[in-house]
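Reader: I'd like some help reading aromatic pairs and helices in a model like this one. Could we go through it together?

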Amino acid sequence: NAHWVNWLTQAKRRCILLGQAHGEWCYDPGFQPALVDRLTNRVQIEMFFLKPEGLAAQLRQTEDSIGNRNTKQRIQGSLREVWRIRSSLEPSVRGYLTLYVYDATPSLGLTWIDDFMVVTHYLASRTNRTSPCLVVESGPGSDTLYAVYAENVDRIRADFSKEITNDNIETFAPKEKDGQTT
């Protein structure tokens, strides 16, 4: 876990986080200060959350329920937390943080910092904390693993994602009332 925030603090140009709920990020005490620092230093940050009501989240919930984890609640809680952080930022800084929900096969998590990626591949019957990971660095050519994962992120953004805005945040992460999502 300590590596995640350290990687974020190294970002100079961009950071893309593709995952399901990003709960480990969102509830790490070092995440908010590192995120705000990078945003105020004009690092473009994108976070992709699995769409809580989507088919892919329903499938993942079936697998996560083995470990008594509520996928939908985890996604919504993390989305609310990152939206709270984003909302607290100065308007000029807010534009550097873009949040998305996506509905596509949740087969991997990806942390993309400038020219390297840490890619974890989810295993159907296990929590993603125990997934194997690869460190992939940028290199020449369009047939490298880096290029394949970069294209995958671009396709997820273009074809399977919806940007979170003030107008739709309640659709994807309704406010809690008395410990219950409304």
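Reader: Is phenylalanine 31 buried or exposed?

Author: Happy to help, and keep in mind that this is a predicted model. Phenylalanine 31 has a relative accessible area of 1%, so with buried meaning under 20%, it is buried.

Reader: How many aromatic pairs are there, and how do I describe one?

Author: A pair of aromatic rings is described by the distance of the centres and the angle of the planes. Here the count comes to four aromatic pairs. Take tryptophan 25 and phenylalanine 31: their ring centres are 5.7 Å apart and their planes meet at 65°, so this pair is edge-to-face. Tryptophan 25 is buried too, at 6% relative accessibility. Trp4, Trp25 and Phe31 form one aromatic cluster.

Reader: What about the rings of tryptophan 112 and tyrosine 146: at what angle are their planes?

Author: Their planes are at 85° with the centres 5.8 Å apart, so that pair is edge-to-face. It links distant parts of the chain, with tryptophan 112 in strand β4 and tyrosine 146 in helix α7, 34 residues apart. Tryptophan 112 is buried at 5% relative accessibility, and tyrosine 146 is buried at 7%.

Reader: Now for helix α5: what span should its 17 residues have?

Author: At 1.5 Å a residue, α5 (residues 71–87) should span 24 Å, and its end C-alpha atoms are 24 Å apart, which agrees. The helix is mostly covered, with 12 of its 17 residues buried, including Ile75, Leu79, Val82 and Trp83. At the start of α5, a side-chain oxygen of asparagine 70 comes within 3.2 Å of the backbone nitrogen of lysine 72.

Conventions. Residues are numbered from 1 along each chain as its sequence is written. This is a predicted model: local features need pLDDT of at least 70, side-chain atom pairs count only at pLDDT 80 or more; totals for chains, interfaces and linings use all residues. Side-chain values use heavy atoms; hydrogens and water are left out. Rings of Phe, Tyr and Trp (its six-membered ring) pair if their centres lie within 6.5 Å; planes under 30 degrees apart count as stacked, over 60 as edge-to-face and the rest as tilted. Buried means under 20% relative accessible area, exposed over 50%, partly exposed in between (1.4 Å probe, protein chains only). Helices (H or I, at least four residues) and strands (E, at least two) are DSSP runs, numbered from the N terminus. The expected span of a helix is 1.5 Å times one less than its number of residues. A polar contact is a pair of N or O atoms within 3.5 Å; within protein, one must be able to donate a hydrogen and the other to accept it, and residues adjacent in sequence count only if both atoms are side-chain atoms.
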